[in-house]
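Let's take a walk through this one, strand by strand and contact by contact. Have the viewer open and follow along.

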Amino acid sequence: MRQVALILAIGLSLAGCLDEGTKKKTEAPPVPVTADKAVARDIPVTLQVVGRAEAFESVAMKSRVDGQVAAVLFTEGQHVNQGDVLIRLDPTDFATRLQQAEATAARDEALIAKMRADTARYTALKERNFVSEEKVNDIRTNEAAAAANLRASKAALEVARLQLSYATIRAPITGIVGSRLVFPGSAVKANDVTVAVVNRVRPLLVNFAVPEKHLPQLRAARQAGTLKVDVTQTGDTSQRFEGTVRFIDNAVDTSTGTILLKAELPNRDETLTPGQFLNVSLLLDTLRQAVTVPSRAVQQGADGNFLYAVKDDSSVEMRRVETLASEEDVTAVRGAIQIGETIVTDGHLRLTPGAKVRVKEVSS
């Protein structure tokens with residue numbers, strides 16, 4: 001009996017050792033991960049869209065009279081001020097018409113002087129009964145007709161002066177003139193051919209469209225203050241330009257479901273050019289002291305976004321979250337995550353809920 005009991009004790013001891021060895025072999029080692037802390041910070045709520053630069057003012061200049069170009073006095077791409085002479089037309093024809101109008105006006109002035117003298121003389125004769133009332137009325141009618149002719153002559157003289165002045169084409173605004181579109185000897189017609197284009201680029205406008213679903217946020221942001229934009233060039237984020245939304249269209253484009261906005265940028269260095277595509281970041285709101293995590297910590301699953309939180313026992317727990325806004329590499333989230341908790345930022349592929357982890361690095 002003693003031998004049997006001894007054999008059973010030895011068997012049970014061996015079985016326990018085998019179970020313990022098997023358990024150690026099946027227990028997975030901790031997964032190495034990097035982690036970070038969830039912190040509270042202010043996060044701007046922005047809308048990222050693509051816009052196009054637009055001249056603050058743009059004038060396609062056309063001749064106001066028919067004529068022939070005598071001289072082009074600007075250089076392509078030149079900065080011009082309002083009133084600078086850009087193009088001169090041959091003024092000979094206009095100067096001749098002006099002289100003719102001046103002569104006609106002088107003739108009519110002489111005629112009206114004679115008619116006034118006649119009226120005064122015949123009125124005096126009528127008082128002495130040397131002429132009839134009918135004759136005096138005829139003289140007065142002639143004076144009135146001469147006065148009308150004089151007014152017409154003066155109007156024609158003014159038109160001739162204006163046409164002569166139109167032979168000199170001046171910059172209507174301060175800005176940058178474009179390429180040469182006409183050359184000396186070119187014939188131009190009134191309001192027909194564009195002779196030059198002047199763009200005002202300081203300040204500059206940026207037009208862009210946003211989906212109509214953001215209209216409530218746009219209205220709320222505008223009521224709270226001015227709408228700000230942050231603009232960068234496509235492919236070059238080293239320079240950022242700040243501007244203010246000056247225009248929100250009064251209707252949604254039914255074909256695209258978007259609404260047009262325009263922002264004004266100072267563009268003091270003239271870095272941006274009309275027609276250029278730009279990246280526009282529109283500030284809609286600011287989340288105050290929101291729970292934020294590194295953006296790489298947020299994972300996408302079949303049921304939505306989630307992240308792994310590291311518990312005190314070095315195991316991980318899956319937490320469902322909703323992303324609110326992002327700035328650079330930080331994302332504001334809402335859900336089952338608290339400020340100060342440790343969350344996994346790298347090593348997600350080998351993780352399952354409840355898995356043990358070994359944190360290689362924790363940023364505070």
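In what sense do β16 and strand β17 pair, and over how many bridges? This is a predicted model, and in it the two strands run antiparallel, with 6 bridges between β16 and β17 (residues 330-335). They make a hairpin with 2 residues between the strands, and Glu328 in that turn has a positive phi of about 55°. Right by the turn, you'll see Glu327 opposite Val330 in β17.

There's a side-chain link across this hairpin, too. Arg334 and Glu322 form a salt bridge, with the closest N and O atoms 3.0 Å apart. Arg334 sits in strand β17 and Glu322 in strand β16, 12 residues apart. Both ends are partly exposed: Arg334 has 49% relative accessibility, and Glu322 has a relative accessible area of 40%.

Now step back to the other neighbour of β16. Strand β15 (residues 304-310) pairs with β16 (residues 316-327) in the antiparallel sense over 5 bridges, and Tyr308 stands opposite Met318 in β16. This is a hairpin as well, with 5 residues between β15 and β16. Its turn holds Ser314, which has a positive phi of about 70° although it isn't a glycine. Ser314 is partly exposed, at 34% relative accessible area.

Backbone oddities deserve a moment of their own. Most residues other than glycine have a negative phi, and most peptide bonds are trans. Gln289 goes the other way, with a positive phi of about 50°, and its place is in strand β13 (residues 277-294) rather than in a loop. Gln289 is exposed, with a relative accessible area of 51%, which puts it over the 50% cut-off. Then there's the peptide bond from Arg202 to Pro203, which is cis, with omega near 0°. Pro203 belongs to strand β9 (residues 194-211).

Arg202 has a second job for us, as a salt-bridge partner of Glu270, where the closest N and O atoms are 3.2 Å apart. Since Arg202 lies in strand β9 and Glu270 in the loop between β12 (258-265) and β13, the pair ties together parts that are 68 residues apart in sequence. Arg202 is partly exposed at 47%, and Glu270 is partly exposed at 23%.

Another salt bridge joins Arg246 and Glu264 (3.5 Å, N to O). Arg246 is in strand β11 (residues 236-248) and Glu264 in strand β12, so this pair ties together parts 18 residues apart in sequence. Here Arg246 counts as exposed at 52%, while Glu264 is partly exposed at 24%. Across the whole structure, a search finds 18 salt bridges.

Methods. Residues are numbered from 1 along each chain as its sequence is written. This is a predicted model: local features need pLDDT of at least 70, side-chain atom pairs count only at pLDDT 80 or more; totals for chains, interfaces and linings use all residues. Side-chain values use heavy atoms; hydrogens and water are left out. Two strands pair if DSSP finds at least two bridges between them. Helices (H or I, at least four residues) and strands (E, at least two) are DSSP runs, numbered from the N terminus. Buried means under 20% relative accessible area, exposed over 50%, partly exposed in between (1.4 Å probe, protein chains only). A salt bridge is a side-chain nitrogen of Lys or Arg within 4 Å of a carboxyl oxygen of Asp or Glu.
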